[in-house]
Amino acid sequence: MDPNQKDQLSGSQTVESVKQEVSVLAETAKSKLGEVAEPMKEKAAEVAEKQKDAGADQIKIAAKAIHGAASQLETEMPQIAGYIHDAGQRLERAAEDLRQGNVDELMSKFGDYARNQPAMVFGGAVVAGFALTRFIKSAAHQAQSSNGQGQGQGPYSGQGGNA
């Protein structure tokens, strides 16, 4: 046998042994990763569940705010107030669905709905933003009035001097 053939043969055996070692190391790493990932996955699911419940609470609060804004609009714009109340009711149902469903299921449902009804998702966001803006402005105005700073009683309202 020629020395070059011996070198090639031992080189291919070395490559094969390195491949086997890498394969064994990869399997070991994979199993270790699985052992580490499982508790992390459980913790992530626990955190997601808590966040889901907190999100449901926040949605319920937003629904109440939307209903409050709609109530203020009822005398001026009753038809729009009706739409806003509908949005508030849908948010209440969404909060209840969120509280009762699991995270994966909910994400899948919302993704499907958003793909099938993008205009509704966008429209709902616009209506909710409009209602929330009205409510926040109204709440700020009421807070100013109760602090004695509404209607010309503030620190910059005509208290002598030239402006």
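This is a short dialogue on reading the helices, salt bridges and core of a predicted model.

User: Where do I start? How many helices and strands does the chain have?

Analyst: Start with the secondary structure. This predicted model has four helices and zero strands. Along the sequence the pattern reads α-α-α-α. Helix α1 covers residues 3–73. Helix α2 covers residues 78–100. Then come α3, residues 103–116, and α4, residues 118–146.

User: What share of the residues is buried?

Analyst: The chain has 163 residues, and 14% of them count as buried.

User: And what share of the contacts links residues 24 or more positions apart?

Analyst: Take the contacts with a separation of 6 or more. Of these, 68% join residues 24 or more positions apart. A single pair can illustrate distance in sequence against distance in space. A45 and D104 are 59 residues apart along the chain, and their C-alpha atoms are separated by 9.7 Å. A45 sits in helix α1. With a relative accessible area of 48%, A45 is partly exposed.

User: How do I read the packing of two helices?

Analyst: Two numbers describe a packed pair: the angle between the axes and the distance between them. Take α3 and α4. Their angle is about 100 degrees, and their axes lie 5 Å apart. Angles of 65 to 115 degrees count as roughly perpendicular, so α3 and α4 are roughly perpendicular to each other.

User: Which residues of α3 and α4 meet?

Analyst: From α3 come F110, Y113, A114, R115 and N116. From α4 come P118, M120 and V121. By class, this contact has six nonpolar residues, one polar and one charged.

User: At what angle do α2 and α4 pack?

Analyst: The angle is about 110 degrees, with the axes 10 Å apart. That makes α2 and α4 roughly perpendicular as well. On the α2 side the contact uses I80, I84, A87 and R90. On the α4 side it uses M120, V127, F130 and A131. Seven of these residues are nonpolar, none is polar and one is charged.

User: Now the core. What is the general idea?

Analyst: In soluble globular proteins, nonpolar side chains tend to be buried together. Here, the largest nonpolar core has seven residues: I66, A69, A70, L73, A81, I84 and A131. Both α1 and α2 supply at least two residues each. α1 gives the most, with four.

User: Which residues does A69 touch?

Analyst: Leave out residues up to four places away in sequence. A69 then touches A131, R134 and F135. A131 is itself in the core, and it also takes part in the contact of α2 with α4.

User: On to charges. How many salt bridges does the structure hold?

Analyst: The structure holds seven salt bridges. For each one, ask for the N to O distance, the place in the helices and the exposure. Begin with K19 and E16. Their side chains meet at 3.9 Å, N to O. The cut-off is 4 Å. K19 and E16 are three residues apart in helix α1, which separates them by about one helical turn. K19 counts as exposed, at 52% relative accessibility. E16 is partly exposed, with a relative accessible area of 42%.

User: Which salt bridge ties together parts that are 42 residues apart in sequence?

Analyst: Look at D57 and R99. Their side chains meet at 2.4 Å, N to O. D57 lies in α1 and R99 in α2, so this pair ties together parts 42 residues apart in sequence. D57 is partly exposed at 38% relative accessibility. R99 is partly exposed too, with a relative accessible area of 32%.

User: Where do D112 and R115 lie?

Analyst: Both lie in helix α3, three residues apart, about one turn of the helix. Their salt bridge has an N to O distance of 2.7 Å. D112 is partly exposed, with a relative accessible area of 38%. R115 counts as exposed, at 60% relative accessibility.

User: Which residues do salt bridges join into one network?

Analyst: K43, E46 and K50 form one network through salt bridges that share partners.

User: Does R115 have a second role? Which helix does R115 meet?

Analyst: R115 is one of the α3 residues that meet α4. So read R115 twice: once as the salt-bridge partner of D112, and once as part of the contact of α3 with α4.

Definitions and conventions. Residues numbered from 1 in each chain as written. Predicted model: local features only at pLDDT ≥ 70, side-chain atom pairs only at ≥ 80, totals over all residues. Heavy atoms only, no water. Axes fitted to C-alpha atoms, helices over the stretch in contact; angles between N-to-C directions. Parallel < 35°, antiparallel > 145°, perpendicular 65-115°, else oblique. Contact = heavy atoms within 4.5 Å. Nonpolar A, V, L, I, M, F, W, Y, C, P; charged D, E, K, R; others polar. Buried < 20%, exposed > 50% of the residue type's maximum accessible area, 1.4 Å probe, protein only. Core = buried A, V, L, I, M, F, W, Y, C linked by side-chain atoms within 4.5 Å.
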